[in-house]
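Trainee: I should like to work through this structure step by step, beginning with a single residue and ending with the chain as a whole. May we proceed by question and answer?

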Amino acid sequence: MSDFDLKPKIKQQTKVQKPKLYKVILLNDDYTPREFVVLILKAEFRLDLAQAEVVMLTAHQKGACVVSVYPKDVAETKATRAIDAAGQLGYPLQFAVEPE
Ligand code: NFA
């Protein structure tokens, strides 16, 4: 037996934290064509056609629909890119970003 107790007396704290996730929410409007909304959801948010149609229709009927969740910077970048792409064509499409 050693004379020294080599066991650490204090347990190492785990420092790894889960990044907070943010929802990107599609907001309905009366002007953006349905087909364009589906296109944006596929291109920017990588939804497949079936998912994109469900999200677009849900927003159309209920006023809003969660598209997906991402770390904050990713959520904000995707929302901004999607809003800008719509704006370039004169569509008022909007996305909101909020904590999960
Ligand atoms: N409400 C739009 C229309 O009837 C379609 C739309 C759906 C727009 C979802 C924005 C979000 N053309």
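Trainee: Is Phe 95 buried or exposed?

Mentor: The model is a predicted one, and the assignment rests on a count of neighbours. A residue is called buried if 20 or more other C-beta atoms lie within 10 Å of its own. Phe 95 has 24 other C-beta atoms within 10 Å, and therefore it is buried.

Trainee: Which residues does Phe 95 touch, not counting residues up to four places away in sequence?

Mentor: Phe 95 lies in strand E3. Strand E3 covers residues 94-99 and runs antiparallel to E1, to which six bridges join it. With residues up to four places away in sequence left out, the residues that Phe 95 touches are Val 24, Ile 25, Leu 26, Leu 27, Ala 79, Ala 82 and Ile 83.

Trainee: What distance separates the C-alpha atoms of Phe 95 and Ile 40?

Mentor: Phe 95 belongs to strand E3, while helix H1 spans 34-45. Along the chain, Phe 95 and Ile 40 are 55 residues apart. In space, their C-alpha atoms are separated by 11 Å.

Trainee: How many bridges pair strand E1 with strand E2?

Mentor: Strand E1 comprises residues 21-27 and strand E2 residues 64-71. Their pairing is in the antiparallel sense. The number of bridges between E1 and E2 is seven.

Trainee: Which residue in E3 stands opposite Lys 23?

Mentor: Strand E1 pairs with E2 and is also joined to E3 by six bridges. On the E2 side, the bridge partner of Lys 23 is Val 69. In E3, the residue opposite Lys 23 is Glu 98.

Trainee: Why does Glu 100 count as exposed?

Mentor: Glu 100 is placed in the segment after E3. Its contacts, not counting residues up to four places away in sequence, are Leu 21, Tyr 22, Lys 23 and Val 69. The cut-off for an exposed residue is 12 or fewer other C-beta atoms within 10 Å. Glu 100 counts as exposed because its C-beta neighbours inside 10 Å number 10.

Trainee: Which elements give two or more residues to the shell around the ligand, and which gives the most?

Mentor: The ligand is surrounded by Leu 26, Asn 28, Asp 29, Asp 30, Thr 32, Pro 33, Arg 34, Val 37, Met 56, Ala 59, His 60 and Leu 93. The elements that give two or more residues to this shell are helix H1 (34-45) and helix H2 (49-62). With three residues, the element that gives the most is H2.

Trainee: How many residues of the shell around the ligand are nonpolar?

Mentor: The shell includes charged residues such as Asp 29, Asp 30 and Arg 34. By class, it has three charged residues and three polar residues. The number of nonpolar residues in the shell is six.

Trainee: Where is Arg 46 placed, and what is its phi?

Mentor: Arg 46 has 11 other C-beta atoms within 10 Å and is therefore exposed. Its place is in the loop between H1 and H2. Arg 46 is a residue other than glycine with a positive phi, and the value is near 55 degrees.

Trainee: Is Gly 90 buried or exposed?

Mentor: Gly 90 is placed in the loop between helix H3 (72-88) and E3. Its C-alpha atom is separated by 20 Å from that of Ala 64, 26 residues apart along the chain. Because Gly 90 has 8 other C-beta atoms within 10 Å, it is exposed.

Trainee: What pattern does the chain follow, read along the sequence?

Mentor: The chain contains three helices and three strands. Contacts between residues 24 or more positions apart account for 71% of those with a separation of 6 or more. Read along the sequence, the pattern is β-α-α-β-α-β.

Trainee: What radius of gyration has the chain, against that of a compact globule of 100 residues?

Mentor: The C-alpha trace spans about 80 × 25 × 20 Å along its principal axes. Buried residues make up 22% of the 100 residues. A compact globule of 100 residues would have a radius of gyration near 13 Å, but the value for the chain is 22 Å.

Trainee: Which residues does UniProt list for the domain "Adaptor protein ClpS core"?

Mentor: The annotation comes from an unreviewed UniProt entry. In the model, the stretch in question is 54% helix and 22% strand, with its end C-alpha atoms 27 Å apart. The residues that UniProt lists for the domain are 17-95.

How values were computed
Residues numbered from 1 in each chain as written. Predicted model: local features only at pLDDT ≥ 70, side-chain atom pairs only at ≥ 80, totals over all residues. Pairing = 2+ DSSP bridges. Helix = DSSP H or I, 4+ residues; strand = E, 2+ residues; numbered from the N terminus. Near = placed C-beta within 6 Å. Rg over C-alpha atoms; globule rule 2.2 N^0.38 Å. Contact = placed C-beta atoms within 7 Å. UniProt positions renumbered as here; feature names shortened; annotations may be inferred.
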